[in-house]
Amino acid sequence: MDEMIQKAARDIKNARSVVALTGAGVSVESGIPPFRGKGGLWEKFDPMEIAHIDSFLANPEKVWRILVAEMKGIIDKAKPNDLHKGMAKLEETGNLSSIITQNVDGLHQAAGSKDVIEFHGTFAMQRCMECNKSIPTSEVSLEVIPPRCSCGGMLRPDCVFFGEMIPTDALWRSRDLSEQCDLMLVAGTSAVVEPAASMARIAKSSGAVVVEINMERTPLTGRVADYSLFGGAGMTMNRILAEMGL
Ligand code: NAD
Ligand code: ZN
């Protein structure tokens, strides 16, 4: 493992353009449960029942109660961890150009990262399904569920449910970055949600080195990833930074 960390540090330092692809696993150490993997929400809920747009439209009250209201409490309290801070530091020192994140928790930005593509939107805002007005989630009261806009329309999180399109700008920019980078740092994603996971494959087929950080093997391990660093995201990031002298 030490040798792998040294290699990752060297490769990041030598790369011309490094892009990160992150998933729910990077926020686990901030107290936000992932979907899949150990302790994931899906040990308790059926994903298609709660995270699909059709379920939301069919029964918004149920989805608000079990997914959105639960997430709001957790995300409101969460603070960036060493992985988020480390990526912000890599950007600040010119060693990371952009982050493509599948997370909707805003923790990369809270840690100070500037160029963050929110591939699945954001939970920081709610959108009225009638008049399209945006309201910060922190200002939404949960006294009535589902919550309503002043126009009477129902609010929905400004994130991408299963069955919905990825915002076009996020998709195109992510593809460009994945094609152009020469190192992609993939952290805390099970790499099974498409089209996010394909960003790693695009990077690889465009000639980039793909380095993975995860607790477990993923479909990228041994195939798309040139090498995988197994361990907690924050600790692994700290070891890479130390090795880079940052
Ligand atoms: P996922 O839940 O499918 O997978 C999480 C991955 O993180 C697993 O591979 C797991 O082994 C790994 N992991 C768990 N703890 C880790 C740790 N401490 N260090 C390193 N790795 C760790 O996540 P996904 O691939 O991002 O897909 C889930 C979808 O759900 C995403 O599209 C995302 O939009 C959404 N989601 C977001 C949040 C969030 O914003 N924090 C939380 C849950 C789900
Ligand atoms: Zn409205």
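1. Strand β4 (residues 121-128) is joined to β6 by four bridges, and the two run antiparallel. Strands here are DSSP runs of E of at least two residues, helices are runs of H or I of at least four, and both are numbered from the N terminus. Two strands pair if DSSP finds at least two bridges between them. One of the bridge partners can be named: Cys128 is matched with Leu155 in β6.

2. The model is predicted: local features need pLDDT of at least 70 and side-chain atom pairs pLDDT 80 or more, while totals for chains, interfaces and linings use all residues. Residues are numbered from 1 along each chain as written, chains are lettered from A and ligands numbered from 1 in the order written, and side-chain values use heavy atoms, without hydrogens or water.

3. The sheet containing this pair is open and has three strands in the order β5-β4-β6, with antiparallel pairing. Its edges are β5 (134-136) and β6 (155-159), each of which pairs on one side only. From one strand to the next the twist averages 45°.

4. Helix α4 (residues 60-77) lies across β4 and β6, at about 125° to β4. Contact means heavy atoms within 4.5 Å. Axes are lines fitted to C-alpha atoms, for helices over the stretch in contact, with angles from 0 to 180 degrees between N-to-C directions.

5. Cys128 also serves the metal site: the zinc ion (ligand 2) is coordinated by the SG atoms of Cys128, Cys131, Cys149 and Cys151, at 2.3 to 2.4 Å. Donors are N, O and S atoms within 2.8 Å of the metal (3.2 Å for Na, K and Ca); water is not among the atoms, so sites may look incomplete. Along the chain the donors follow the spacing C-x2-C-x17-C-x1-C.

6. Why is the arrangement around the zinc ion (ligand 2) tetrahedral? The four donor atoms subtend angles of 101 to 119°, and four donors count as tetrahedral if all angles lie between 85 and 135 degrees. The ideal angle for four tetrahedral donors is 109.5 degrees.

7. Cys128 counts as buried because its relative accessibility is 2%, whereas Cys131, at 40%, is partly exposed. Buried means under 20% relative accessible area, exposed over 50%, and partly exposed in between (1.4 Å probe, protein chains only).

8. Overall, the protein chain has nine helices and nine strands. Of its 246 residues, 53% count as buried. The C-alpha atoms fill a box of roughly 55 × 30 × 30 Å along the principal axes.

Note on methods:
Tetrahedral: all angles 85-135°; square planar, octahedral: opposite > 155°, others 65-115°.
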